[in-house]
2 protein chains.
Amino acid sequence: MDESKRKRLEANGWKVSDTQEFLGLTDEEMAYIDLRIAVKKALRTRREAQGITQRALANRIGSSQSRVAKIEAGDPSVSLDLLIRALLATGATLADIADAIAPERVQA
Amino acid sequence: MDESKRKRLEANGWKVSDTQEFLGLTDEEMAYIDLRIAVKKALRTRREAQGITQRALANRIGSSQSRVAKIEAGDPSVSLDLLIRALLATGATLADIADAIAPERVQA
DNA sequence: TGCGCACATGTCAGATCGGACATACATTCA
DNA sequence: TGAATGTATGTCCGATCTGACATGTGCGCA
């Protein structure tokens with residue numbers, strides 16, 4: 001069993017108690033999870049760099065502090081839509097997002 | 001700006017550069033729309049490059065032909081979640097996505 | 001010790017999304 | 001012309017997501 005995969009799943013809020021379900025994950029599903037993790041990490045990094053509270057960020061996107069907490073925690077109840085919109089609300093550009101999800105890449 | 005109105009406009013094929021000036025979209029809303037457009041275009045490009053029908057792609061992601069059509073049309077009923085999952089189903093990597101949403105970037 | 005602030009967690013009603021289906025449109029081919 | 005194939009559009013309703021709220025945890029400070 002791939003331990004690093006399990007830890008990555010659990011880190012993003014996925015329950016990995018069912019071995020069969022875990023083994024059934026495809027590369028695409030793993031990429032999707034990696035994407036979510038990259039975005040949520042970038043969000044927290046950017047928010048803290050700006051010295052903004054979860055409450056302040058919540059106000060920017062018309063949401064609540066608790067939901068911002070769930071976003072940053074990678075709660076499964078949070079969609080990629082909301083993750084991305086929150087990241088954009090920190091002033092991130094599409095280039096910033098690209099850099100966050102594929103960090104081995106550099107500016108042209 | 002009202003979210004549902006924005007999505008309707010996007011679905012109706014408004015040219016983004018015109019929309020911002022005319023309707024006063026914020027930079028974040030612009031970036032979000034640009035992101036969706038970039039992903040849906042990349043999806044169609046990749047699917048056609050592989051010679052796969054909408055029906056075949058739909059089968060891959062456990063969906064229907066009609067929904068794939070809506071994805072590629074940028075229908076407002078389609079979330080960014082589904083857009084991304086469909087793109088990943090064409091075999092796209094996170095690097096491919098990064099390249100699609102920030103095309104001015106190059107490989108490291 | 002208690003207070004205030006930031007963040008985390010659980011719940012829920014209403015809003016949005018998604019697969020499925022029917023059907024229409026477009027193109028190709030015989 | 002008609003059949004086959006691929007794509008587009010509209011609708012339904014069960015499933016998922018969301019903002020809001022309540023409440024809990026952790027930490028610094030006086």
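Helix axes are lines fitted to C-alpha atoms over the stretch in contact, and angles run from 0 to 180 degrees between N-to-C directions. Keep that in mind for Exercise 3.

This is a predicted model, in which local features need pLDDT of at least 70, side-chain atom pairs count only at pLDDT 80 or more, and totals for chains, interfaces and linings use all residues. Residues are numbered from 1 along each chain as its sequence is written, while chains are lettered from A and ligands numbered from 1 in the order in which they are written.

**Exercise 1. Describe how chain A is built.**

Step 1: count the elements. Helices (H or I, at least four residues) and strands (E, at least two) are DSSP runs numbered from the N terminus. Chain A has seven helices and zero strands, giving the pattern α-α-α-α-α-α-α along the sequence.

Step 2: look at burial. Of the 108 residues in chain A, 29% are buried (20 or more other C-beta atoms, placed from the backbone, lie within 10 Å of the residue's own).

Step 3: look at contacts (C-beta atoms, placed from the backbone, within 7 Å). Take those in chain A between residues at least 6 apart in sequence: 65% of them join residues at least 24 apart.

**Exercise 2. Work out how chains A and B are related.**

Step 1: superpose the copies by least squares on the C-alpha atoms of residues with pLDDT of at least 70 in both. A turn of 180 degrees and a shift of 0.1 Å along the axis lay chain A on chain B with an RMSD of 0.2 Å. The two copies are therefore related as by a two-fold rotation axis.

Step 2: find the residue of chain A closest to that axis. Ala98(A) is the one, with its C-alpha at 2.1 Å.

Step 3: compare the two sides. Since 100% of the interface residues of chain A are also interface residues in chain B, the copies meet through the same surface.

**Exercise 3. Take the A–B contact apart.**

Step 1: count. Chain A brings 24 residues and chain B brings 24 residues. On the chain A side, α3 (27-49), α6 and α7 (94-101) each supply at least two residues, and α6(A) gives the most, with six.

Step 2: sort the chain A side by class. There are 15 nonpolar, three polar and six charged residues. Here Ala, Val, Leu, Ile, Met, Phe, Trp, Tyr, Cys and Pro count as nonpolar, Asp, Glu, Lys and Arg as charged, and the others, Gly among them, as polar.

Step 3: examine one helix pair. The axes of α7(A) and α7(B) come within 9 Å and cross at roughly 170 degrees. That makes the two helices roughly antiparallel (angles over 145 degrees).

Step 4: name the partners. Leu94, Ile97, Ala98 and Ile101 of chain A meet Leu94, Ile97, Ala98 and Ile101 of chain B. This helix contact has eight nonpolar, no polar and no charged residues.

**Exercise 4. Find the protein surfaces near the DNA.**

Step 1: start with strand C. A residue is near a strand if its C-beta atom, placed from the backbone, lies within 6 Å of it. DNA strand C is surrounded by 20 residues, and the closest are Thr53(A), Ser66(A), Ala69(A), Ser63(B) and Ser66(B). α5(A) gives the most to this surface, with six residues. By class, the surface near strand C has five nonpolar, 11 polar and four charged residues.

Step 2: turn to strand D. Among the 19 residues around DNA strand D, Ser66(A), Ser79(A), Leu82(A), Thr53(B) and Ser66(B) come nearest. α5(B) gives the most here, with six residues. The surface near strand D divides into four nonpolar, 10 polar and five charged residues.

How values were computed. Contact = placed C-beta atoms within 7 Å. Parallel < 35°, antiparallel > 145°, perpendicular 65-115°, else oblique. Buried ≥ 20, exposed ≤ 12 C-beta atoms within 10 Å, placed from the backbone.
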